[in-house]
Amino acid sequence: MNLSEQYRPRTLSELIGQPKAVKVVERIAERGIGGRAFWISGATGIGKTTLARIIANMIAQRHSIVEYDSADKFKEADADRLADTMHTYGFLSPTGLYGRACIINEAHGLRRAVVRQLLGILERLPGHCVVIFTTTRDGEDALFEDDIDAHPLLSRCVQIPLTNQGLAGAFAERARQVADAEGLNGKPLAAYKRLVQRCRNNMRAVLQAVESGEMVE
Ligand SMILES: Nc1ncnc2c1ncn2[C@@H]1O[C@H](COP(=O)(O)OP(=O)(O)OP(=O)(O)O)[C@@H](O)[C@H]1O
Ligand SMILES: [Mg+2]
């Protein structure tokens with residue numbers, strides 16, 4: 001397994017540098033995470049898909065989580081299937097979870113017809129279901145196919161913008177810990193900070209560099 005998958009945070013407390021986003025999710029979890037859609041936005045490699053999976057795991061076991069790598073793979077038939085399956089509970093986990101989750105990454109690529117379907121689906125989302133979108137794109141005015149107005153869809157979602165600020169130090173320390181654990185560390189913390197800067201805070205890219213031996217000696 002590559003390092004970035006191996007060291008992908010599995011819980012909110014492991015997610016680095018996103019205290020505001022974590023707080024929002026914790027607050028919502030107190031009232032129940034189900035019956036909601038989430039819109040997670042932010043730069044590449046800072047934890048959007050990671051957070052989406054953490055939220056999904058709060059309600060559903062892995063066989064009841066479907067994930068689309070990009071929105072253009074989420075077609076009208078998939079939206080129909082989503083609407084159908086959401087009427088029933090998911091598999092029961094040993095910890096008593098029976099929900100369902102659908103994650104749609106690169107959500108800015110959603111097709112016009114699918115956006116229309118989703119508006120209806122999100123309106124009637126059962127309490128055991130969550131739908132989670134992730135995107136690198138900012139702004140609501142022109143998203144999706146044909147740059148359509150995203151307000152109607154986004155207003156049905158809990159919006160969680162991830163910050164790109166203040167990550168460098170924490171990401172550098174984490175990268176060094178990972179490198180240490182894997183026997184790939186031979187450089188001081190300052191070198192990791194430079195690496196994180198060069199990768200523009202993209203932790204996936206940082207861990208790829210570590211994996212390829214860049215921080216050895
Ligand atoms: N906030 C974070 N804390 C700890 N590790 C992180 C964090 N963000 C990213 N990572 C590491 O980087 C990898 C990639 O993160 P993730 O898939 O969540 O990025 P993303 O924001 O969805 O990026 P993209 O826009 O390219 O899809 C993770 O598997 C994890 O190892
Ligand atoms: Mg992603």
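A residue counts as near a molecule or strand when one of its heavy atoms lies within 4 Å of it. With that in hand, let us start at ligand 1, which has 20 residues around it; Ser 4, Thr 44, Gly 45, Lys 48 and Thr 50 come nearest. Keep in mind that this is a predicted model, where local features need pLDDT of at least 70 and side-chain atom pairs count only at pLDDT 80 or more, while totals for chains, interfaces and linings use all residues. Residues are numbered from 1 along each chain as its sequence is written, chains are lettered from A and ligands numbered from 1 in the order in which they are written, and side-chain values use heavy atoms, with hydrogens and water left out.

Now for the polar contacts (pairs of N or O atoms within 3.5 Å). One nitrogen atom contact of ligand 1 is with a backbone N or O atom of Ile 16, at 2.9 Å. A backbone N or O atom of Gly 47 lies 3.1 Å from a nitrogen atom of the ligand, and a side-chain N or O atom of Thr 49 is 2.9 Å from a ligand oxygen atom. On its own, ligand 1 exposes 630 Å², and the protein buries 95% of that (Shrake-Rupley areas with a 1.4 Å probe). Two or more residues of the surrounding shell come from each of α3 (48–57) and α9 (203–211); helices here are DSSP runs of H or I with at least four residues, and strands are E runs of at least two, numbered from the N terminus.

Next, the sheet. Five strands form an open sheet in the order β2-β3-β4-β1-β5, with parallel pairing, where a pair needs at least two DSSP bridges. Because β2 (65–68) and β5 (157–161) stand at the edges with a single partner strand each, one side of each has no neighbour in the sheet. Finally, β2 pairs with β3 (residues 100–104) in the parallel sense over four bridges, and Glu 67 stands opposite Ile 103 in β3.

Terms used
A polar contact is a pair of N or O atoms within 3.5 Å; within protein, one must be able to donate a hydrogen and the other to accept it, and residues adjacent in sequence count only if both atoms are side-chain atoms.
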